[in-house]
Amino acid sequence: MRDYFSGSAEVRMDDKGRVTLPARYRAAFSAGVMLTKGQDRCLYVFTEDGFERFAAGAIDADITDEKARGFQRYLLANTEAIEPDGQGRIGIPARMREYAGLTKNVVVAGAGRRMEIWNADEFAAYQSEHESPFVSPERGLLNPP
């Protein structure tokens, strides 16, 4: 299995706030899901190992650094360990659904070491806004000198 997530799928969130993870990635999340508020008003979905790597900087932040301490508090206070059910669904807490503006139609998108859950309309707008910079990227965007 790959060690990154790619692709996207529009899925429906059920009345209980559950979202089905893509079938091809369910095995990666069999030990559990770490769900956290992400940037751009989406939710980040990590494996447990992936979250540990992602959050290491925040976990080990210098507590005398006010900005680092604030980021640490917000990130870790807004992270939930969730067990997928037998059908590969994860329940998304109400406060996280509200943060991301999730309604019935959501997008589950691969984003490298994580997956993201978006409001479908917001994801479409984000994709549209970032299409031009993707098609004609600045030189050195991903590999600065």
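This briefing walks through the sheet, the helices, the aromatic rings and a few single residues of the structure above. Keep in mind that the model is predicted. At its centre is an open sheet of six strands, in the order β1-β7-β8-β4-β3-β5. Helix α1 lies across three of those strands, β3, β4 and β5. Let's take the parts one topic at a time.

**The sheet**

- A bit of background first: strands of a sheet pair through backbone hydrogen bonds, and the pairing can be parallel or antiparallel.
- In this sheet of six strands, the pairing is antiparallel.
- Look for β1 (8–12) and β5 (79–82) at the edges: each has a single partner strand, so one side of each is left without a neighbour in the sheet.
- On average, neighbouring strands of this sheet are turned by 25 degrees against each other, if you ignore direction.

**Strand β4 and its partners**

- Strand β4 covers residues 43–46, and its links to β3 and β8 are worth tracing.
- With strand β3 (residues 33–37), β4 shares four bridges, and the two run antiparallel.
- Across that pairing, L43 in β4 has K37 standing opposite.
- With strand β8 (residues 115–119), β4 shares three bridges, again running antiparallel.
- Here Y44 has E116 of β8 as its bridge partner.
- As a general rule, side chains in a regular strand alternate between the two faces of the sheet.
- You can see this kind of split in β4: L43 and V45 point one way, while Y44 and F46 point the other way.
- Whichever way they point, all four of these residues are buried.

**The turn between β3 and β4**

- The hairpin of β3 and β4 has five residues between the strands.
- Most residues other than glycine have a negative phi.
- D40, in the loop between β3 and β4, goes the other way: its phi is positive, near 65 degrees, although D40 is not a glycine.
- R41 lies in the loop between β3 and β4 as well, and its phi is also positive, near 60 degrees.

**The helices**

- Helix α1 (residues 48–59) runs at about 120 degrees to β4.
- Helix α2 (residues 66–77) lets you do a quick check: at 1.5 Å a residue, its twelve residues should span 16 Å, and the end C-alpha atoms are indeed 16 Å apart.
- What caps the N-terminal end of α2? D65 does the job, with a side-chain oxygen 3.0 Å from the backbone nitrogen of K67.

**Aromatic rings**

- A pair of aromatic rings is described by how far apart the centres are and by the angle of the planes.
- The count for this model comes to nine aromatic pairs.
- Take F5 and Y25: their ring centres are 4.9 Å apart and their planes sit at 80 degrees, and edge-to-face means over 60, so this pair is edge-to-face.
- F5 lies in the segment before β1 and Y25 in the loop between β2 (18–20) and β3, so the pair ties together parts that are 20 residues apart in sequence.
- F5 has a relative accessibility of 7%, so F5 counts as buried, and Y25, at 3%, counts as buried too.
- F51 and F54 make a tilted pair, with 6.3 Å from centre to centre and 50 degrees between the planes.
- Because F51 and F54 are three residues apart in helix α1, about one helical turn separates them.
- Are they buried or exposed? F51 is buried at 7% relative accessibility, whereas F54 is partly exposed at 33%.
- Ring pairs also join strand and helix residues here, linking Y44, F46, F51 and F54 into a cluster.

**Two loop residues to find**

- N78 sits in the loop between α2 and β5, and with a relative accessible area of 9% this residue is buried.
- Which residues does N78 touch, not counting those up to four places away in sequence? The contacts are L35, T36, K37, R95 and M96.
- D60, in the loop between α1 and α2, is exposed, with a relative accessible area of 63%.
- The C-alpha atoms of D60 and D85 are separated by 32 Å, and these two residues are 25 residues apart along the chain.

Notes:
Residues are numbered from 1 along each chain as its sequence is written. This is a predicted model: local features need pLDDT of at least 70, side-chain atom pairs count only at pLDDT 80 or more; totals for chains, interfaces and linings use all residues. Side-chain values use heavy atoms; hydrogens and water are left out. The expected span of a helix is 1.5 Å times one less than its number of residues. A polar contact is a pair of N or O atoms within 3.5 Å; within protein, one must be able to donate a hydrogen and the other to accept it, and residues adjacent in sequence count only if both atoms are side-chain atoms. Buried means under 20% relative accessible area, exposed over 50%, partly exposed in between (1.4 Å probe, protein chains only). Two strands pair if DSSP finds at least two bridges between them. Axes are lines fitted to C-alpha atoms, for helices over the stretch in contact, and angles run from 0 to 180 degrees between N-to-C directions. Contact means heavy atoms within 4.5 Å. Rings of Phe, Tyr and Trp (its six-membered ring) pair if their centres lie within 6.5 Å; planes under 30 degrees apart count as stacked, over 60 as edge-to-face and the rest as tilted.
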